[in-house]
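User: Please take a close look at one aspect of this model, the pairing between side chains, whether through sulfur or through charge. A single connected account, with the reasoning set out, would be most useful.

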Amino acid sequence: MPLGGNSNKAPVVSGGGCIDSLPDGVLEHMLGFLEAREAVRTCVLARRWRYLWMSATGLRIVYTTYEGKVDYLTAMRKYRQFVDCLLDCRGQAPLETCEISFEGLCDDDDRPCLNRWIRHITCRVQMFRLSNVCREDFELDDLPLVSRHLTRLELDGMELSNSFFDFSSCPSLEHLEIATCFLWEANMIMSESIKRLSITNCFFGFHTHVNVPNLVSLRLDSHLYRAPVIERMPALQEAYVRVGRENPNSADCDDEDCYSCHGVLRGDNKKCVLLECLSESENMALISESKTFIFGRDLNKCPIFSKLKTLLLNESWCVAPEFSALTCILKNTPVLGKLTLQLFSKGPKHKVEMIGRFNSMERSAAISEHLKTIEIKCEVVDEEVNEILKFLCTLNICFIFK
C-alpha cells in the first residue's frame with residue numbers, strides 16, 4: 001500500500017500516528033537522512049511525495065567506484081550525471097546539511113566533477129562534510145571557498161592547498177574540523193569568524209601558520225611531521241593538544257629563523273611553537289607521547305598562563321628526578337585551581353584515582369594559592385607513580401584514594 005494512499009488504510013508508524021499526517025517540513029527533514037538516490041526514489045510513493053526530495057534539508061552523496069560491477073566505469077558516469085541533474089533540480093532550495101563521501105577515483109572526469117559539486121553546494125549549505133574514505137590522494141581546487149551560509153566545515157582525507165584556507169569569504173563559518181589531511185602546501189589557515197577548530201592526525205609542511213584570533217576552542221591532536229605555527233588567540237577558553245610522532249630532526253633545530261621550530265612571535269622575543277599561543281586559555285590539556293617532546297623546547301621560553309584555571313597533564317610532564325617540566329608549568333600558572341595528572345592511563349576510566357590535599361601548616365610558594373584540587377589518575381601505583389607522589393610531597397601535598 002503506498003504511503004500516500006487513503007488515510008484510513010495508510011501504514012501506522014510505531015508512535016501511533018500516520019506518516020501522511022506529518023507536515024512537509026518534517027518529511028523534508030527526514031529525507032535528508034537518506035542517501036541521495038534513495039531520497040529521489042521516494043517520488044514514486046504518492047503524488048504528495050513527487051517533489052519533496054527537491055526540498056530535502058539534507059543531502060548525502062556517496063560516490064563509490066562500483067568495482068563490483070562488470071562495467072563500473074559506465075555506472076560511475078551515470079552516477080555523475082545523476083548528481084548533476086539532482087543539483088540542477090534543487091536549484092536555490094535551502095540546504096542545512098550536506099555530506100559527500102567517496103571511495104576512490106577511476107578516471108579523469110571524477111576529480112573535476114567532485115570539485116564542481118563542492119563549489120556548487122558550499123555556496124548554499126550551512127553544514128558541509130567531505131570525506132575521502134579510501135585515503136587516496138585527492139587535492140581540492142586551490143581556490144578559496146565563497147559562502148555566506150556556511151557555518152560548519154568538516155574535511156577528512158583531503159590534500160589541501162594554500163588558497164582553500166582563506167575563509168575571508170565565509171563570514172558565518174564558526175566550526176572547522178580537519179582530519180587526516182595533507183597540508184604540505186598550505187601556508188596559512190586564516191579566518192576571523194572561526195571559533196572552534198579541530199585538527200587531527202594531519203601532515204603539516206614547514207610553514208603552516210594558523211591565524212584564527214577569535215578562536216574559543218582548539219583541539220590539536222597528534223599532528224604529524226611538523227607542528228603548525230599558531231598565532232595568538234586572545235579569546236581562547238579551552239584547548240586540547242596531544243603531540244604524537246614528530247619529525248626526529250625538529251627537536252635539534254638550532255636555526256632561530258626556522259618558523260616551524262621557533263615560531264614567529266618576534267615582537268615579544270618569544271620563540272615558542274605551541275605554548276605561547278595557548279597562554280590565554282582558561283582550560284587546557286597537554287598530552288605528549290614522548291618524553292623528548294616539542295613542549296620541552298617551548299619551556300625554555302615558557303609564557304605566563306594568566307587565565308588558566310584547569311589543567312590536565314600526562315606522565316611526559318612528570319619525568320624524574322628533576323620534574324622540571326611540571327615545576328615550570330606550576331610556576332607559570334598563577335590562578336590555577338585544578339590540576340589533573342593522568343599517568344600511564346588512556347582513560348576515560350581509570351583503576352586508581354587519588355585526591356591531593358595541601359598541608360594546612362605550610363603551602364609551597366611554587367604553587368598557585370588558588371590551587372584547591374589535585375587529582376592523579378592511573379592504572380596502578382607502580383615505582384614511576386611513586387616517584388611522582390614523592391615529588392608532590394615535597395610541595396606539601398599528600399594524597400588519599402578517591
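Analyst: **Side-chain pairing**

C302 is buried, with a relative accessible area of 13%. The model is a predicted one, and the values below are computed from it. The closest cysteine sulfur to that of C302 belongs to C328 and lies 3.8 Å away. A disulfide requires the two sulfur atoms to be within 2.5 Å, so the separation of C302 and C328 is too far for a bond. C398 provides a second case: its closest cysteine sulfur, in C393, is 7.1 Å away, and therefore also too far for a bond. With 42% relative accessibility, C398 counts as partly exposed. By this criterion the number of disulfides is zero.

Charged pairs are present, however. Side chains of opposite charge can pair when their charged atoms come close. The structure contains 17 salt bridges, and three of them are described here.

One of these joins R37 to E35, whose closest N and O atoms are 3.1 Å apart. E35 is buried at 8% relative accessible area, whereas R37, at 24%, is partly exposed.

Another salt bridge is formed by E99 and R60, with a closest N to O distance of 3.9 Å. This pair connects distant parts of the chain, since E99 belongs to strand β2 (residues 95-102) and R60 to strand β1 (residues 58-63), 39 residues apart. E99 is partly exposed at 26% relative accessibility, and R60 is partly exposed as well, with a relative accessible area of 29%.

The pair R129 and E154 has its closest N and O atoms 3.0 Å apart. Here too distant parts of the chain are linked: R129 is in strand β3 (residues 125-132) and E154 in strand β4 (residues 152-156), with their positions 25 residues apart. R129 counts as partly exposed, at 27% relative accessibility. E154 has 14%, and because buried means under 20% relative accessible area, E154 counts as buried. Neither residue stands alone as a pair: salt bridges with shared partners join R129, R152, E154, D156 and E177 into one network.

In summary, the count of disulfides is zero, while the salt bridges number 17.

Key
Residues are numbered from 1 along each chain as its sequence is written. This is a predicted model: local features need pLDDT of at least 70, side-chain atom pairs count only at pLDDT 80 or more; totals for chains, interfaces and linings use all residues. Side-chain values use heavy atoms; hydrogens and water are left out. Buried means under 20% relative accessible area, exposed over 50%, partly exposed in between (1.4 Å probe, protein chains only). A salt bridge is a side-chain nitrogen of Lys or Arg within 4 Å of a carboxyl oxygen of Asp or Glu. Helices (H or I, at least four residues) and strands (E, at least two) are DSSP runs, numbered from the N terminus.
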